[in-house]
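Reader: I am in my first year of study and should like to look closely at a single part of this structure. Could you please take me through one place where two elements meet?

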Amino acid sequence: MRFIRRRTARVAGAALVAVPLALGGVASQSHAQDASPSPMGTFGPGCSALSQKADTAKDKVVTAAAAYPQLSQLVAAAVRARLNDTLDEKSNITVFAPNNQAFQKVSVSQLSSLLGDTGQLKKVLTYHVVDRQITPDELSKGSFTTVEGGKLTTSGSGTDFQVNGTAKIVCGNIKTANATIYVVDSVLRPPS
């Protein structure tokens, strides 16, 4: 357990350093098409860009996300908001995880303001979390209450799904020890 927390802290610490550096440049990300979808497996055009060698099914959600370089800004934000232990302690959750490209869509000033306000950052990040596991079958016309308390909706079919009508799920149904991750290409904003 200590090894996992140290590993998460070490990776998250490195990611905290990477967030300001990534704001100055544009990171490239592959958009190669993925293999055919399976209700039991991952799906989406961004899954090949997320490929990694570790088996994250045995790791808690923040540790698992830290294994994917494309989720480094999300991991850094979760650590900054002091949510890593909270998320890792929950069971059977769903995380709509913004990839690094999603964070690049947020203006530098907005991101700086968000990262500087721990309360607001926590609110935004918990809006990406649903306190139950969502299956791909539920995504076509879903409405879910988030941990933040707001509602988010999902729509689509096959392997083409959106969250709140704007954020595309680029890789879905990634299993961790306590969560299902759907990687999205936009940072979701809770309703005002």
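Author: The answer below begins with the whole chain and then turns to one pair of helices.

The model is a predicted one. Its chain contains 7 helices and 7 strands, and along the sequence these follow the pattern α-α-α-α-β-α-α-α-β-β-β-β-β-β. Of the 192 residues in the chain, 46% are buried. Among contacts between residues at least 6 apart in sequence, 66% join residues at least 24 apart. The chain exposes about 9400 Å², and carbon and sulfur atoms supply 53% of this area.

The part chosen for a close look is the packing of helix 6, residues 108-116, with helix 7, residues 118-126. Their axes lie 5 Å apart and form an angle of about 105°. Angles of 65 to 115 degrees count as roughly perpendicular, and the two helices are therefore described as roughly perpendicular to each other. On the side of helix 6, the contact is made by L114, L115 and G116; helix 7 contributes T118, Q120, L121 and V124. By character, the residues of this contact comprise 4 nonpolar and 3 polar, with no charged residue.

Helix 7 also merits attention for its buried residues, which are L121, V124, L125 and T126. L121 and V124 thus appear in both lists: they belong to the contact with helix 6, and they are buried. The buried residues of helix 7 pack against helix 6, and also against helix 3 (72-80) and strand 2 (129-130).

Technical notes: Residues numbered from 1 in each chain as written. Predicted model: local features only at pLDDT ≥ 70, side-chain atom pairs only at ≥ 80, totals over all residues. Heavy atoms only, no water. Axes fitted to C-alpha atoms, helices over the stretch in contact; angles between N-to-C directions. Helix = DSSP H or I, 4+ residues; strand = E, 2+ residues; numbered from the N terminus. Parallel < 35°, antiparallel > 145°, perpendicular 65-115°, else oblique. Contact = heavy atoms within 4.5 Å. Nonpolar A, V, L, I, M, F, W, Y, C, P; charged D, E, K, R; others polar. Buried < 20%, exposed > 50% of the residue type's maximum accessible area, 1.4 Å probe, protein only. Areas by Shrake-Rupley, 256 points an atom, 1.4 Å probe, with all protein chains shown as cover.
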